[in-house]
Amino acid sequence: MTQEAAGSRADRRLRRARTATLVSLATGVWVSLLLPLVGVAREPDVVRAALGAVGVVGFAAGQAAVLYAAVTPWLSQRWRRRSQSGLAAVALLTVPLVGPVAAGAWPTWAWLGASLVGMAPLLVRPPVVAAVAAATLAVSAGVGLWSGGQVSRFLLVTGGVGAGTAAVNWLQVWFWDLLVEAREGQLARGRLAAAEERLRLARDVHDVLGHNLTVIALKAELAARLAEVDAERAGREASEVQRLATSALAEVRATVHGYRAVDLADELAAVAGVLRSCGVRCTTVPPPADLPPAAASDLAAVLREAGTNVLRHSRAGWCRIDIVRDGDVARLTVANDGAASRGPDEHSNGLRGLTDRLAEAGGRLRVRREENVFTLEATLPVES
């Protein structure tokens, strides 16, 4: 459960990071929309201004689609290619639509050219970025000559602003790609660990059953052959088969029980590691070595549920886990600073189940809130 909660929390953090990246990239869309619209507002010809506005809005829409695809890894390559092709087509249309707008008064198309240069690292491979930037600068200079504007001003806006935008966009998408790769690596590591555990269990079961089943098969075959010639000995062999089968079943059960049993110290280390990986500062006090196995198993179950609650129901910044033994009482305390956010109470299903489990062993589960600190305390009687 703790690993599932950690995965859910990591996914939420990744979604928030993606939203933040989209918001940051959207700033470039607003720049490519608002600054060219300044030129549209300064254009005295109503028809030319209207055509320029259509071109600017269409370019901004194409730019938004491409930026969205850059931070949306689950989109198909076909959708990405369509968005990029759409932006290229709109960019070509903006030359006749936006180029003559506010001719000589405002470098209207140069701002669109800067956006193209800024998005080049997201559209093409690094070796082609320079070619795209050079082509865009050439178009910007041509538009400046055609519209009667200052070519140097067009080149400065397209090249200077475009280079800065390209650096910012590339850095943001690079960080986003790192986050996606880290999450994929985390999932792959979890799948690998699960596969290794399955292989380990398979090896253990094979080792336990391999010899016994071979002997059982031989004994059963012998009993079948002796049934017609020596019924008494056949009965003894059948009894031996039954004994071997019972023994094999007991060994398998013992193996599975050992596989399912969780060491309390290992569980503590696992929960603390998951909390730290999710940004929660976690301090622990290791369990005493003289805890009986039954008490350690019950406290491990409480610890798993408590770790799940910290991840799922709170926005904790720190967590402290103490496992101590005081005479004939073992005590597990889990405290965190997430009580101010939505959290579990005494009536939640997980805590109810733990309360019942501890009650069967003579223990008790208590929770309390003090300001923003949520504390869960489990006590169990142990043999002296």
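**Exercise 1.** Determine which side chains meet in a salt bridge at 3.7 Å, N to O, and classify the burial of Glu-267 and Arg-304.

Solution.
- Step 1. The side chains of Glu-267 and Arg-304 form a salt bridge with an N to O distance of 3.7 Å; the criterion is a side-chain nitrogen of Lys or Arg within 4 Å of a carboxyl oxygen of Asp or Glu.
- Step 2. This pair links distant parts of the chain, with Glu-267 in helix α8 (residues 264-277) and Arg-304 in helix α9 (residues 293-313), 37 residues apart. Helices are DSSP runs of H or I with at least four residues, strands are runs of E with at least two, and both are numbered from the N terminus.
- Step 3. Buried means under 20% relative accessible area, exposed over 50%, and partly exposed in between, with a 1.4 Å probe and protein chains only.
- Step 4. Glu-267 has 10% relative accessibility and therefore counts as buried. Arg-304, at 28%, is partly exposed.

The structure is a predicted model: local features need pLDDT of at least 70, side-chain atom pairs count only at pLDDT 80 or more, and totals for chains, interfaces and linings use all residues. Residues are numbered from 1 along each chain as its sequence is written, and side-chain values use heavy atoms, with hydrogens and water left out.

**Exercise 2.** Place further salt bridges in the structure and state how many a search of the whole structure finds.

Solution.
- Step 1. The search of the whole structure gives nine salt bridges.
- Step 2. One of them pairs Arg-325 with Asp-290, whose closest N and O atoms are 3.4 Å apart. Arg-325 sits in strand β2 (residues 318-326) and Asp-290 in the loop between β1 (281-285) and α9, so the pair, 35 residues apart, links distant parts of the chain.
- Step 3. Arg-325 has 22% relative accessibility and counts as partly exposed; Asp-290, at 48%, also counts as partly exposed.
- Step 4. Arg-320 and Asp-322 meet through their side chains at 3.2 Å, N to O. Arg-320 is partly exposed at 37%, whereas Asp-322 is buried at 19%.
- Step 5. Arg-331, Arg-366 and Glu-377 are joined into one network by salt bridges that share partners.

**Exercise 3.** Check the length of helix α2 (residues 46-70) against its expected span, then describe its N-terminal end.

Solution.
- Step 1. The expected span is 1.5 Å times one less than the number of residues.
- Step 2. For the 25 residues of α2 this gives 36 Å, and the end C-alpha atoms are 36 Å apart, so the two agree.
- Step 3. At the N-terminal end, Asp-45 acts as cap: one of its side-chain oxygens lies 2.9 Å from the backbone nitrogen of Val-47.
- Step 4. The buried residues of α2 include Ala-49, Gly-52, Val-56, Phe-59 and Leu-67. Ala-50, also in α2, is partly exposed at 41%.
- Step 5. Ala-50 and Val-40 are 10 residues apart in sequence, and their C-alpha atoms are 7.8 Å apart.

**Exercise 4.** Locate the nonpolar surface patch that contains Trp-170 and give its accessible area.

Solution.
- Step 1. A nonpolar patch joins side chains of Val, Leu, Ile, Met, Phe, Trp or Tyr within 5 Å, from residues with over 30% relative accessible area and no salt bridge.
- Step 2. Trp-170, Leu-171, Trp-174, Phe-175 and Leu-178 form such a patch, with about 500 Å² of accessible area together (Shrake-Rupley method, 1.4 Å probe).
- Step 3. Trp-170 belongs to helix α6 (residues 151-226) and is partly exposed at 45%.

Conventions: Patch = residues over 30% accessible without salt bridge, like charges linked within 9 Å, V, L, I, M, F, W, Y side chains within 5 Å. Polar contact = N/O pair within 3.5 Å; in protein donor to acceptor, adjacent residues only side chain to side chain.
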